[in-house]
Amino acid sequence: MATGRRGRPQVSSRAQVEAAAFELFLERGYAETSIMDIVAAAGISKTTFFRYFSSKAALVWFPFEESTRDLQSAFDTVGDEVPVMEAIRAGVIDTVAARLDDEGVWTAQIRILDASPELQAEGAQRWLVWSEVVSTFVASRIGTRPAAVVPAAVGGAVQSVVLAVLREGVRSPASPSEVLTILDRSLASLGHSLQKWIDEQPCK
């Protein structure tokens, strides 16, 4: 009789529970994996699971939400003397670098998100929030609304580049350092063009 994963040593960190859950999601599918499956695989109690995460979806999205908060913090602390697109490039690279790992958890997350219709619908809204963090920063620098053309366009463009590079890094596949190199180069190229547009905007 199959015993599942109950023989694994108990894990106690949020990251280890994420890793155990992601492995199950890849094997069985997100919809087919229950919280009790994750609890058994991680060797923890249900109470411990809910101490870390409010739901199964929250487990998948936690790294993304943390990255979004870190990006906001980076923008809150950057000096006004730093050009807008350089500040965005540095903030994005730092927050993405903090999530990439050699064990492949980040690639698992991308695969899970792209394979689950349930998560894809929610993902569009979460990426919109992420891009609005960028748009709000741009708007604060040029004295306009985040929804105005330039801030909204910059936020959308940066978000598209980040998502495309991460997805390509999974398909390739590429190491975390290779992904960061490609992302840095891509954002630098994008920034070169967009900074000129930003500089043309009259300060309000």
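**View 1. Salt bridges around R99, which pairs with E66 and with D70.** The structure, a predicted model, holds 10 salt bridges, a term that requires a side-chain nitrogen of Lys or Arg within 4 Å of a carboxyl oxygen of Asp or Glu. R99 and E66 form one such bridge, their closest N and O atoms lying 3.5 Å apart. This pair connects distant parts of the chain, with R99 in helix α5 and E66 in helix α4, 33 residues apart; helices here are DSSP runs of H or I with at least four residues, strands are E runs of at least two, and both are numbered from the N terminus. The side chains of D70 and R99 also meet in a salt bridge, at 2.6 Å from N to O. Here too distant parts of the chain are linked, D70 belonging to helix α4 and R99 to helix α5, 29 residues apart. R99 counts as partly exposed because its relative accessibility is 22%, and E66 does so at 29%, while D70 is partly exposed with a relative accessible area of 33%. In these terms, buried means under 20% relative accessible area, exposed means over 50%, and partly exposed lies in between, computed with a 1.4 Å probe on protein chains only.

**View 2. T95 and its surroundings in helix α5.** Helix α5 spans residues 84–99 and includes T95, which counts as buried because its relative accessibility is 4%. Leaving aside residues up to four places away in sequence, T95 touches S67, D70 and L71, where a contact means heavy atoms within 4.5 Å. D70, one of these contacts, is also the residue whose side chain meets R99 in a salt bridge.

**View 3. Further salt bridges, at D80 and around R126.** R141 forms a salt bridge with D80, the closest N and O atoms being 4.0 Å apart. The two residues belong to distant parts of the chain, since R141 lies in helix α7 and D80 in the loop between α4 and α5, 61 residues apart. D80 is exposed, with a relative accessible area of 67%. Elsewhere, E65, E122 and R126 are linked in a network of salt bridges.

**View 4. Two edge-to-face aromatic pairs, W61 with F64 and W127 with W130.** A search of the whole structure finds 10 aromatic pairs. One of them joins W61 and F64, whose ring centres are 5.6 Å apart and whose planes meet at 80 degrees, so the pair is edge-to-face. Rings of Phe, Tyr and Trp (its six-membered ring) pair if their centres lie within 6.5 Å, and planes under 30 degrees apart count as stacked, over 60 as edge-to-face and the rest as tilted. Because W61 and F64 are 3 residues apart in helix α4 (residues 56–77), about one helical turn separates them; both W61 and F64 are buried. W127 and W130 form another edge-to-face pair, with 5.5 Å from centre to centre and 65 degrees between the planes. Being 3 residues apart in helix α7 (residues 117–142), W127 and W130 are likewise separated by about one helical turn, and both are buried.

**View 5. An aromatic cluster and charges over rings.** F49, F50, Y52, F53 and F62 form one aromatic cluster. R14 lies over the face of F62, at 4.1 Å from the ring centre, and the charged end of K56 sits over the ring of Y30, 4.2 Å from its centre. A charge is taken to sit over a ring if NZ of Lys or CZ of Arg is within 6 Å of the ring centre and within 35 degrees of the ring normal.

**View 6. The cis peptide bond between S172 and P173.** The bond joining S172 and P173 is cis, with omega of about -15 degrees, and P173 is found in the loop between α8 (149–171) and α9 (176–199).

**Notes to all views.** The mean pLDDT of the chain is 90, and 93% of its residues reach 70 or more, pLDDT being the predictor's confidence in each residue, from 0 to 100. Over residues 1–11, pLDDT stays under 50. Residues are numbered from 1 along each chain as its sequence is written, and side-chain values use heavy atoms, with hydrogens and water left out. In this predicted model, local features need pLDDT of at least 70 and side-chain atom pairs count only at pLDDT 80 or more, whereas totals for chains, interfaces and linings use all residues.
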